[in-house]
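Trainee: I should like a close look at a single part of this chain, the nonpolar core, set in the context of the whole fold and its surface. Please take me through it in one connected account.

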Amino acid sequence: LEDCSAGGTGGAAEVAAVVVSPGASVVVRSATAERSGGALSLDSLQVQGMGEVDVRGAASGGAGGGLFIAGIVQIHPQGKVTTRNTIASVSGGAIHAGSLLLAEGGTLDVADATAS
């Protein structure tokens, strides 16, 4: 998904639950949302082994510059979530989540995130 914007939440997509299967990926480039979840607004996110979520260049006027997840984020062994160059006007420059379960061997890689 590229060059997406929303007047509300989830610049690229707003869905209840996302499960990224082994070997699958979700890639978002240049997304904005006026409220929360610059790239994605979700109830839950599960990234299974060798699955990947990659968000670059996202901004929100609320919480979660890249990702807003109301519930739980689960990153399984060899699963990966990456955010780069994300901005939130309220909180969670990269990610705003209810809870995070990062299994041994899972990766959460965040760089260049800002919240003001």
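Mentor: For a chain of 116 residues, a compact globule would have a radius of gyration near 13 Å; the chain in this predicted model has 12 Å, and therefore agrees with that expectation. Taken along the principal axes, the box filled by the C-alpha atoms is roughly 35 × 25 × 25 Å. The secondary structure consists of nine strands and zero helices, so that the pattern read along the sequence is β-β-β-β-β-β-β-β-β. Of the contacts with a separation of 6 or more, 83% join residues 24 or more positions apart. Buried residues account for 39% of the 116 residues.

The core itself comes next. In soluble globular proteins, nonpolar side chains tend to be buried together. Here, the largest nonpolar core has 17 residues, and Ala39, Leu45, Val53, Val55 and Val81 are those with the most contacts inside it. Two or more residues of this core come from each of strand 3 (25-33), strand 4 (40-47), strand 5 (52-60) and strand 6 (67-75).

Val55 deserves particular attention as one of the core residues with the most contacts. Leaving aside neighbours within four places in sequence, Val55 is in contact with Val28, Arg29, Ala39, Gly66, Leu67, Thr82, Thr83, Arg84 and Thr86. Ala39, listed among these partners, is itself one of the residues with the most contacts inside the core.

Val53, another of those core residues, leads to Lys80, which touches Val53 together with Val47, Gly51, Glu52, Ile75, Thr107 and Asp109, not counting residues up to four places away in sequence. Lys80 lies in strand 7 (residues 80-88). Its relative accessible area is 32%, and Lys80 is therefore partly exposed. Between Lys80 and Gly51, which are 29 residues apart along the chain, the C-alpha separation is 6.4 Å.

Strand 7 also holds Asn85. Asn85 has a positive phi of about 55° although it is not a glycine. Most residues other than glycine have a negative phi. A second case is Ser30, whose phi is near 55°, again a positive value in a residue other than glycine. Ser30 is placed in strand 3, one of the strands that give two or more residues to the core. How accessible are these two residues? Asn85 counts as partly exposed because its relative accessibility is 46%, and Ser30 counts as partly exposed because its value is 36%.

Outside the core, the accessible surface of the chain comes to about 5200 Å², with 50% of it belonging to carbon and sulfur atoms. Which residues form a nonpolar patch on the surface? They are Leu100, Leu102, Leu108 and Val110, with about 310 Å² of accessible area together. Strand 8 (95-102) and strand 9 (107-115) each supply at least two residues of this patch. Leu108 is placed in strand 9. With a relative accessibility of 34%, Leu108 lies between the limits of 20% for buried and 50% for exposed, and so counts as partly exposed.

How values were computed
Residues numbered from 1 in each chain as written. Predicted model: local features only at pLDDT ≥ 70, side-chain atom pairs only at ≥ 80, totals over all residues. Heavy atoms only, no water. Patch = residues over 30% accessible without salt bridge, like charges linked within 9 Å, V, L, I, M, F, W, Y side chains within 5 Å. Areas by Shrake-Rupley, 256 points an atom, 1.4 Å probe, with all protein chains shown as cover. Salt bridge = Lys/Arg side-chain N within 4 Å of Asp/Glu carboxyl O. Helix = DSSP H or I, 4+ residues; strand = E, 2+ residues; numbered from the N terminus. Buried < 20%, exposed > 50% of the residue type's maximum accessible area, 1.4 Å probe, protein only. Rg over C-alpha atoms; globule rule 2.2 N^0.38 Å. Contact = heavy atoms within 4.5 Å. Core = buried A, V, L, I, M, F, W, Y, C linked by side-chain atoms within 4.5 Å.
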